[in-house]
Amino acid sequence: MTNTLHRFGSRDSLRDDYIIFAMAARGINDQGAPPKLQTFLRLALKHHPINVGNAVKGGIFRASKALTPLAHWRRREFIAPEEVVESIDTCTTVSAVFDDPANLEAFLTELKAADLGVSINIAALTDEARTCCQRAGITRHSVEYSLGFHGDLNRLPDRHVLELSTMCGHGMVAHNLTKKMLDWVKEGRRDPRQAATYLAKFCTCGIYNTTRAIRILEEARVGK
Amino acid sequence: MQIDHGKCVACGNCIPVCPMGAIYIDPAVNRATVNLDECVECFTCYRGMSKEYLNPTLVRTIRGFLKYLRIRFDPEPDVCPTDALTPQELTWPRIVRRAFSDPLVPHESTGIHGRGTEEVKTNDVTGRVNEGEAGFTIEFGRPGVGVRFRDIQKMTMALAPLPITFEKKNPVFSLMADPATGTIREDILNEKVLSAIVELKTRLEHVPQVLRMVEEVSQDLETIVSIGVATRCDGQGDNALEPLLKREGYEFYRGKTNLGLGRRPAAVPA
């Protein structure tokens, strides 16, 4: 998967976007992995992530499958993070999204001590990720660089749409829905938090960064 | 995916939800309709939209009355009010679309969800890419454009003669008719998917050659190509790939970092 590799944005736009995820190598160290992945998420939850996810079950933002006309005023739009932890019953990829590098560093320190034995990766600005690791006493093993988009670039939408839609790396947040939310926020039909929540619900693995989304929607509202 | 015209009230909520833009209101019947050739069976509409189970006749009557009075209706944008989205049973070759497009469906060839590849994310355990080597992830179709396998084949056929090795534990590789030439099986060439990744490995000294080929072929494709390139770091966390990419004129600041915390059980041979 490269679902966290190609999040679009300038360095400044990505300054509050850190995804850390854990997975086992299939056929090598995946036996007994689910409890380790649960431990990963429970440790993460101590350090104030803004989203957590299980790649095969979802993140904390969820669609409602049993709405009634009266439910619109009291929709349950997200689940408790512990429900995501409890949903881990198979070898999967689990993730946590942080908007503050200090919280990520504190989590890394605990992770190193926990010695779970599964692979841990950080998707972020590469030099920031390296700095966080160094402060936690970790030397990076491997690195993958995103060299951006090529090909028929005329098919791409504008930067705000790309910044918001590419935060779902599986492509579940459609450009058209993103554009609709940008327009609705501009028109005052929804506030940025509500719009970000609508978008986050479509991201199936829980890596959508709602803090960054709200900020981008706020900036776009006033034409920045 | 199809839409039950007996239930659909043409509210239009599902139209912007589709990552491929394959849903539209058919003016002939005034109902939402899926362009099946453009639909990649990602199930975003079916899974991502919340559902109500209202009576369609009642909803159409109310909507018609409000429309007559020119009253703007402001519904929740992520709801299908009548549960009109209807998955269809998929057979070969169309089932390939879902395998590559629905992140909750594991690839049969790798058993991995998403687009079915581990890449450098487990490199601390697999040792797939070592110092002096580069692992490429060449992704087609993202963001939000989609790709047909005939376009992927153009790239794989161009790369096959180069000094590279295609990753065997990769869903696209499993569909190749002949990896030596990069040809993909003919019966899926017209199938469209949300995205697919070709993985390969080469020596660092061949990275510029591979990059130039990828960029050259990308210009002729009706899709977007996203390039990722990875390597093993040394004991200080440095690597020779980064200065090489800068010499080639690439600007990059984002990526994935493997922390090296994974461990291979002693009982599992390398």
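Two strands are taken to pair if DSSP finds at least two bridges between them. In this predicted model, strand β6 (residues 142-151) of chain A and β14(B) meet that condition across the two chains, pairing in the antiparallel sense over 8 bridges. One of the residue pairs in this ladder joins A:Y145 to B:V229, the latter being its bridge partner in β14(B).

The strand pairing belongs to a contact between the chains that takes 79 residues from chain B and 69 residues from chain A. On the side of chain B that touches chain A, the elements giving two or more residues are α1 (44-48), β4 (50-51), α4 (123-126), β7 (133-140), α7 (207-218), β14 (224-232) and β15 (254-258) of chain B. Of these, β14(B) gives the most, with 9 residues. Sorted by class, this side of chain B has 32 nonpolar, 28 polar and 19 charged residues.

Turning to chain A itself, one finds 8 helices and 6 strands, which follow one another from the N terminus in the order β-α-β-β-α-β-α-β-α-β-α-α-α-α. The C-alpha trace of chain A spans about 50 × 40 × 30 Å along its principal axes. The radius of gyration of chain A is 18 Å, which agrees with the value near 17 Å that a compact globule of 224 residues would have.

Helix packing within chain A can be followed through helix α8 (residues 210-221), against which helix α7 (residues 192-200) packs at an angle of about 130°, with the axes 9 Å apart. Because of that angle, α7(A) counts as oblique to α8(A), and α7(A) passes α8(A) in a right-handed crossing. The contact is made by A:P192, A:R193, A:A195, A:A196, A:T197, A:L199 and A:A200 of α7(A), together with A:T210, A:A213, A:I214, A:L217 and A:E218 of α8(A). The residues of this contact of α7(A) with α8(A) divide into 8 nonpolar, 2 polar and 2 charged.

A further helix, α6 (residues 175-186) of chain A, also meets α8(A), their axes coming within 9 Å and crossing at roughly 60°. That angle makes α6(A) oblique to α8(A), and the crossing of α6(A) and α8(A) is right-handed. Here A:L182, A:V185 and A:K186 in α6(A) meet A:L217, A:A220 and A:R221 in α8(A), and the residues of the contact divide into 4 nonpolar, no polar and 2 charged. A:L217 of α8(A) thus appears in the contact with α7(A) and also in the contact with α6(A).

Terms used. Residues are numbered from 1 along each chain as its sequence is written. Chains are lettered from A and ligands numbered from 1 in the order in which they are written. This is a predicted model: local features need pLDDT of at least 70, side-chain atom pairs count only at pLDDT 80 or more; totals for chains, interfaces and linings use all residues. Two residues are in contact if their C-beta atoms, placed from the backbone, lie within 7 Å. Helices (H or I, at least four residues) and strands (E, at least two) are DSSP runs, numbered from the N terminus. Ala, Val, Leu, Ile, Met, Phe, Trp, Tyr, Cys and Pro count as nonpolar, Asp, Glu, Lys and Arg as charged, and the others, Gly among them, as polar. Axes are lines fitted to C-alpha atoms, for helices over the stretch in contact, and angles run from 0 to 180 degrees between N-to-C directions. Angles under 35 degrees count as roughly parallel, over 145 as roughly antiparallel, 65 to 115 as roughly perpendicular and the rest as oblique. A crossing is left-handed if the near helix is turned anticlockwise from the far one by less than a right angle, and right-handed if clockwise. The radius of gyration is taken over C-alpha atoms; the globule rule is 2.2 Å times the number of residues to the power 0.38.
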